Amino acid sequence: MIEPYRGDFNARFTEAKYAELLRVISERTRTQIEFRIAETPCFFAPELMQRMVRAGEELTEQLLGNAEYMRASAEAIPEAFRVPNGDAHPHFMTVDFGLVRDANGELQPKLVEMQAFPSIFGYQAEISQAYKDVYGLDQSLTPFLDGLDEAGYWELLRETIVGNHDPKNVVLLEVEPEKQKTLPDFRVHEARLGIVTVDIAKLVKQGRRLFYRDETDDKLVAIERIYNRVIVDELERKQIELPFDYRDDLEIEWAGHPNWYFRVSKFSIPHLQHETVPAAVFLDDWFAGKGRERLPTERENWVFKPLYSFAGKGIQFAPTDADLAAIPEGERYLYLLQERVKFEPVIRTPEGMTQAEIRIMYVWPDGGKMTPAINLVRMGRGLMMGVDHNREKTWVGGSAGLSPTS
């Protein structure tokens, strides 16, 4: 968005450099990237990034400081996934914003959703650097936040994910990790932190302990801390049979306690009051006549979402009465009606003006503070901004926001 960076990049872009970007990022992540990478990074003014950083902090403070909300969010955790020994705060927070025009024509961030769950912290640092290296950009441009540099960023992640443990006793836990599109991110975490990626279905339980099998010598290794990347929705959808019960009282530490996935999520949005938050109402309340006045009059400005899906699964725009009535009455509390955030196209590309959704990614170590660490950008020109929804277009996909440091 800011010059001279945008104009200079567009003028010097070549398809050969983009091909080199894809080669370099695959090499650095030791795997093939299965989602679309945008041709360009985005250049944002530090002031805009700071506004989103502060908004994310205020939204999180509002939720965690609300005793009534904390009770309600605890009750929202499905019984089968209520993990004991919860933490006082989440270790990770992601807050997604779209950019919209206000009545005065000024760009303003608008909340899309927030989730107390880790994002692609490893991959995002690598793709940001790859953009700078391949395209010969100013190396002082940074994706990092809060004054962090690369070394400080990885030290923060090490403190939060590994803690005081030997990395061999810390695992990144996922469902069928070799099949996940986020595998490149796992590879970066392995290389940077020395931890091991483990399939949740292959864990071994003995008493109150969990183990993984070391592939080099086939011996069981005790797990002391889990970097949790498991999406419960995927466990249920794939009917994964687990070697333990989430409700077991295990001798384990969590980096990203599973309960937070439910406690700060789309479920949070109707409870928030902030200038960045769109109107939202739970589907069961809407059927009961509660909160209907919050939503826009025109259905085309509504979005219908399941609370606990991931990567945009199940989202409908402009839902009809039939769409809403199709949800069984006993499941309506698991769905949300929300005012649609209409993104303003702000990124000038050779393919025209393109929209950007910006994710602010926070890390919160034990005994530390919630720290804005890095950003992620998804570029798109359709209704949905996720990389899965922009495959057939160019100058869209996963990207990075770079800002000048001086």
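R187 is buried, with a relative accessible area of 14%, and its place is in helix α7. Keep in mind that this is a predicted model. Helix α7 is a good thread to follow here: α7 packs against α6 at roughly 95 degrees, and α7 also supplies at least two residues of the lining of the second largest pocket. From there we can move on to the cavities, a buried strand residue and a few backbone oddities.

**R187 and its surroundings**

- Leaving aside residues up to four places away in sequence, R187 touches T29, R30, T31 and E178.
- Why does R187 count as buried? Its relative accessible area is 14%, and buried means under 20%.
- One of those partners, E178, turns up again below, among the residues closest to the centre of the second largest pocket.

**The second largest pocket**

- This pocket has a volume of about 480 Å³.
- There are 17 residues in its lining, and the closest to its centre are E178, T197, V198, D199 and E215.
- Which elements each supply at least two residues of the lining? They are α7 (183–193), β5 (196–199) and β7 (209–213).
- Strand β5 gives the most, with 4 residues.
- Going by residue class, the lining of this pocket holds 11 charged residues, 5 nonpolar ones and 1 polar one.

**How helices α5, α6 and α7 pack**

- Two packed helices are described by the angle between their axes and the distance between the axes.
- Start with α5 (residues 121–135) and α6 (residues 150–161): they pack at an angle of about 170 degrees, and their axes are 12 Å apart.
- That angle makes α5 roughly antiparallel to α6, because anything over 145 degrees counts that way.
- On the α5 side, F121, G122 and A125 make the contact, while α6 brings Y153, W154 and L157.
- This contact has no charged residues, just 5 nonpolar and 1 polar.
- Now for α6 and α7: their axes come within 11 Å and cross at roughly 95 degrees.
- These two helices are therefore roughly perpendicular to each other.
- E150, W154, R158 and I161 of α6 meet V188, H189, R192 and L193 of α7.
- What classes of residue make up the contact of α6 with α7? It divides into 4 nonpolar, 3 charged and 1 polar.
- W154 belongs to the contact of α5 with α6, and W154 also belongs to the contact of α6 with α7.

**Closed cavities**

- How many cavities of 30 Å³ or more are there? The count comes to 2.
- The largest cavity has about 50 Å³ of space.
- Its lining is made up of P90, H91, F92, A116, F117, P118, N228, G256, H257 and W260.
- Sorted by class, that lining has 6 nonpolar and 4 polar residues, with no charged ones.
- The second largest cavity has a volume of about 40 Å³.
- Lining this second largest cavity are A125, S128, Q129, K132, P143, F144 and E150.
- Helix α5 provides the largest share of that lining, 4 residues.
- Here the classes are 3 nonpolar, 2 polar and 2 charged.
- Two of these names should look familiar: A125 is part of the contact of α5 with α6, and E150 is part of the contact of α6 with α7.

**L337, a buried strand residue**

- L337 is found in strand β14 (residues 335–339).
- Is L337 buried or exposed? At 0% relative accessibility, L337 counts as buried.
- L337 touches A279, A280, V281, L283, W286, L295, W302, V303, F304, P319 and L324, with residues up to four places away in sequence left out.
- Q50 is 287 residues from L337 along the chain, and the C-alpha atoms of the two are separated by 29 Å.

**Backbone oddities**

- E3 and P4 are joined by a cis peptide bond, with omega at about 10 degrees.
- P4 is in the segment before α1 (5–12).
- Q239 is not a glycine, yet it has a positive phi of about 50 degrees.
- You'll find Q239 in the loop between α8 (232–238) and β10 (253–255), and at 70% relative accessibility Q239 counts as exposed.
- W395 is not a glycine either, and it has a positive phi of about 55 degrees.
- The place of W395 is in the loop between β17 (371–380) and β18 (397–399).
- W395 counts as buried, at 3% relative accessibility, whereas Q239 counts as exposed.

Definitions and conventions:
Residues are numbered from 1 along each chain as its sequence is written. This is a predicted model: local features need pLDDT of at least 70, side-chain atom pairs count only at pLDDT 80 or more; totals for chains, interfaces and linings use all residues. Side-chain values use heavy atoms; hydrogens and water are left out. On a 1 Å grid over the protein atoms alone, a cavity is a set of points where a 1.4 Å probe fits but cannot get out, and a pocket is an open set with protein on both sides within 12 Å along at least five of seven lines; lining residues have an atom within 4 Å of a point. Grid points are joined across faces, edges and corners, and a volume is the space filled by probe spheres set on the points. Ala, Val, Leu, Ile, Met, Phe, Trp, Tyr, Cys and Pro count as nonpolar, Asp, Glu, Lys and Arg as charged, and the others, Gly among them, as polar. Axes are lines fitted to C-alpha atoms, for helices over the stretch in contact, and angles run from 0 to 180 degrees between N-to-C directions. Angles under 35 degrees count as roughly parallel, over 145 as roughly antiparallel, 65 to 115 as roughly perpendicular and the rest as oblique. Contact means heavy atoms within 4.5 Å. Buried means under 20% relative accessible area, exposed over 50%, partly exposed in between (1.4 Å probe, protein chains only).
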